[in-house]
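Open the model in your viewer and keep the selection tool at hand. The stops below run from an internal space to a helix, a loop and a pair of residues.

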Amino acid sequence: MLDLLNDLIWSKVLIVMLVGLGLYFSIRSRFVQFRYFTSMFQIFSQALVRKPGQLSSFQALMLSVAGRVGAGNIAGVAVAITLGGPGAVFWMWLVALVGMATSYFECSLAQLYKQNEGDGTYRGGPAFYILHGLGQRWMAIVFSILLLVTFGFGFNALQSFTVASSMQDTFGIPEWISGVVLVCIIGLIIFGGIKRIAKFADILVPVMAGSYIALALFVIGSNISEVPDTLMLIVRSAFGLEPAFAGGIGAAIIMGVKRGLFSNEAGLGSAPNVAAVAEVPHPAAQGIVQSLSVFIDTMIICTCTALIILLSGTYAPGSEVGGVILTQSALAAIVGEWGRVFISVALALFVFTTLIYNYYLGENALGFFSKSRMLLQVYRVLVIVLVMWGSTQDLGTVFGFADVTMGLLAIVNLIAMALLFKTGLRLMHDYDEQIKAGVKIPVFDPAKFADLKLDKTSWPALPAPQAPSQEQPPR
């Protein structure tokens with residue numbers, strides 16, 4: 001049943017929706033993801049800026065990266081190559097490049113329709129822009145249920161499975177022991193709320209991602225003469241031009257799109273839940289920032305993993321070794337057995353932050369239905385149970401369940417985005433016009449969007465931004 005549903009969703013529906021809408025959003029926005037690419041990096045100047053009681057845009061970015069960077073970057077890439085060949089990596093790149101535009105619009109809309117919680121924090125996401133932007137409560141409820149099941153339960157089980165199998169392969173630790181350790185650590189963290197989660201993420205994520213990228217660059221640099229041929233192998237395989245992978249173009253596309261979405265989550269509707277909690281002067285500014293997390297996840301970290309696997313010589317078509325074990329074996333073949341240990345430790349850190357991120361998304365979905373403290377406690381217990389369950393399952397079951405719920409979640413969110421695209425364009429044009437007028441930091445004016453159902457306490461009237469003076473200085 002899982003295989004049947006996955007085939008219907010991924011090979012017949014989502015490939016068209018993800019790539020088609022991503023291209024449409026890119027063209028209609030004049031490729032906003034490239035026009036503001038350099039502006040994305042300005043967010044790092046906010047790394048040490050903290051506004052009391054609020055999450056900064058940098059913290060929201062790190063929290064998004066924490067969720068995106070995980071099993072998908074280490075195990076997911078290996079699965080894509082194993083089942084779809086090296087060409088799957090090319091389609092992961094394509095999904096990411098067009099997905100940057102998709103992420104821009106979904107995160108901008110989440111900021112626009114965010115709701116003030118009354119304690120200095122915000123809550124938002126697709127359920128909120130579906131409810132307040134489209135006025136479709138039933139659709140918002142469906143999305144929230146899928147978000148809860150996908151991230152709170154499905155993806156958490158997948159993440160715990162990945163780290164448990166890694167620890168078993170490297171250290172011989174039984175999966176159930178890894179599951180117990182994860183349960184204990186996550187249980188201590190998830191009772192701290194979004195501020196504590198963000199505090200861990202904006203410190204741990206740069207360190208762990210930087211370390212992984214540094215080692216990957218060492219591997220690439222040590223085999224620099226082989227990199228051009230490896231990149232050409234990826235491109236040729238993507239179009240069925242590599243003899244060893246002839247006839248595999250369909251598998252390459254499906255696995256590239258599927259694993260690409262699992263890794264970078266563009267269009268999935270997850271990142272907007274985090275993007276909405278940040279305090280920013282204009283919704284489009286957060287959309288620009290969140291596009292960067294897609295680029296970091298796929299174009300940098302996933303590419304590093306792919307090159308490690310393909311440069312090592314351990315991968316062979318038809319091999320039964322896949323997932324995180326393939327990545328570990330590849331790195332060990334290049335740098336020695338300590339590489340296997342490094343992957344296990346890096347993966348444990350990646351999974352740790354991703355589990356917390358997934359938990360928060362589920363809590364956000366639950367909050368859309370009820371503020372009941374008892375219901376929240378039940379959810380927390382179920383999350384812990386699923387983390388333990390996932391650590392002892394097999395790869396096919398865990399990935400199959402997560403793929404179905406993820407696919408349905410993406411379909412609902414992409415439909416909502418298509419219906420709200422004109423509103424997203426209005427936001428973009430407002431931001432563009434201020435930039436064109438010389439405004440360094442565009443400010444959102446709710447009066448220009450008085451026809452929309454916005455939370456007035458989230459967007460109080462602000463003074464209009466002042467463009468640089470055109471007067472000539474006195475002589």
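Which element gives the most to the lining of the second largest cavity? Select α6 to see the answer: this helix contributes 4 residues. Keep in mind throughout that this is a predicted model.

**Stop 1: the cavity**

Searching the whole structure turns up 3 cavities of 30 Å³ or more. Go to the second largest, which holds about 50 Å³ of space. Select L18, V19, G22, V95, V98, G99, T102, A266 and G267; these residues line the second largest cavity. Two elements give two or more residues to this lining: α1 (2-28) and α6 (87-112). Now color the lining by residue class. You should find 5 nonpolar residues, 4 polar ones and no charged ones.

**Stop 2: helix α11**

Move to α11, residues 227-238. Check its length first. With 12 residues at 1.5 Å each, α11 should span 16 Å, and its end C-alpha atoms lie 17 Å apart, so the two agree.

Next, select V227, T230, L233, I234, S237 and A238, the buried residues of α11. They sit on the same side of α11, because they cover an arc of only 130 degrees around the axis. Look at the spacing along the chain as you turn the view. An α-helix has 3.6 residues a turn, so residues three or four places apart point the same way.

Step just past the end of α11 and pick G240. The phi of G240 is positive, at about 70 degrees.

**Stop 3: the loop before α11**

Go back to the other end of the helix. Select N223, in the loop between α10 (193-222) and α11 (227-238). Is N223 buried or exposed? N223 has a relative accessible area of 14%, under the 20% cut-off, so this loop residue counts as buried. Show its contacts. Leaving out residues up to four places away in sequence, N223 touches L311 and I334.

**Stop 4: a long-range pair**

Return to α1, one of the elements from the cavity stop. Select L5, which is found in this helix. Its relative accessibility is 33%, between the 20% and 50% cut-offs, so L5 counts as partly exposed. Add F401 to the selection and draw the C-alpha to C-alpha distance. L5 and F401 are 9.8 Å apart in space, yet 396 residues apart in sequence.

How values were computed
Residues are numbered from 1 along each chain as its sequence is written. This is a predicted model: local features need pLDDT of at least 70, side-chain atom pairs count only at pLDDT 80 or more; totals for chains, interfaces and linings use all residues. Side-chain values use heavy atoms; hydrogens and water are left out. Buried means under 20% relative accessible area, exposed over 50%, partly exposed in between (1.4 Å probe, protein chains only). Contact means heavy atoms within 4.5 Å. On a 1 Å grid over the protein atoms alone, a cavity is a set of points where a 1.4 Å probe fits but cannot get out, and a pocket is an open set with protein on both sides within 12 Å along at least five of seven lines; lining residues have an atom within 4 Å of a point. Grid points are joined across faces, edges and corners, and a volume is the space filled by probe spheres set on the points. Ala, Val, Leu, Ile, Met, Phe, Trp, Tyr, Cys and Pro count as nonpolar, Asp, Glu, Lys and Arg as charged, and the others, Gly among them, as polar. The expected span of a helix is 1.5 Å times one less than its number of residues. The arc is that of the directions from the helix axis to the C-beta atoms.
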